[in-house]
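Work through the exercises below with the structure in view. Each solution goes step by step.

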Amino acid sequence: GAIVDLGIAAAGTVSGGTMTMIVSMFRSLRLLRLTRLLRGLRNARELRLMLAGFYSSARTIWWCAVVVLLVMYISAVLITRVLQVGRAPSASEGLYGDIH
């Protein structure tokens, strides 16, 4: 990583065609490293199984969260309404409660 970047930066001091050749060589080396990494990931069966499980369960988890939040919201509104039904503001509270 850092060594390749240093090599590319150093190649900037070399003139014309030589610089192009050095930069293309470093790019080729980077592509080889990337293909080796991808080849290693292809063999990571457990990782692919975990990602597939997460992807297939994401929709269900999303809808569970929506239902839970909806139930919490409705419950909060109902409880607020029930607790305020029998309570009438006193004369000292005025129209807006105890805000002065």
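**Exercise 1.** State how much surface the chain exposes and what share carbon and sulfur atoms supply.

Solution. The model is predicted. Start with the area: the chain exposes about 9200 Å². Then take the atom types: carbon and sulfur supply 71% of that surface. Now turn to burial. Of the chain's 100 residues, 5% count as buried.

**Exercise 2.** Lay out the secondary structure and rate the confidence of its elements.

Solution. Count the elements: there are three helices and zero strands. Read from the N terminus, the order is α-α-α. Next, compare confidence. Helix α1, residues 2-11, has the lowest mean pLDDT among the elements, at 62. Helix α3 has the highest, at 90. For the chain, the mean pLDDT is 76. A value of 70 or more is reached by 64% of the residues.

**Exercise 3.** Find the residues of the nonpolar surface patch and the helices that supply them.

Solution. List the members: Leu31, Leu34, Leu37, Leu38, Leu41, Leu47, Met50 and Leu51. Together they make a patch of about 800 Å². Assign helices. Both α2 (16-42) and α3 (45-85) supply at least two residues each. The largest share, five residues, comes from α2.

**Exercise 4.** Classify Leu34: buried, partly exposed or exposed?

Solution. Locate the residue: Leu34 is found in helix α2. Take its relative accessibility, 43%. Apply the cut-offs: buried means under 20%, exposed over 50%. Leu34 therefore counts as partly exposed. Leu34 is also one of the patch residues.

Notes: Residues numbered from 1 in each chain as written. Predicted model: local features only at pLDDT ≥ 70, side-chain atom pairs only at ≥ 80, totals over all residues. Heavy atoms only, no water. Patch = residues over 30% accessible without salt bridge, like charges linked within 9 Å, V, L, I, M, F, W, Y side chains within 5 Å. Areas by Shrake-Rupley, 256 points an atom, 1.4 Å probe, with all protein chains shown as cover. Salt bridge = Lys/Arg side-chain N within 4 Å of Asp/Glu carboxyl O. Helix = DSSP H or I, 4+ residues; strand = E, 2+ residues; numbered from the N terminus. Buried < 20%, exposed > 50% of the residue type's maximum accessible area, 1.4 Å probe, protein only. pLDDT = per-residue confidence, 0-100.
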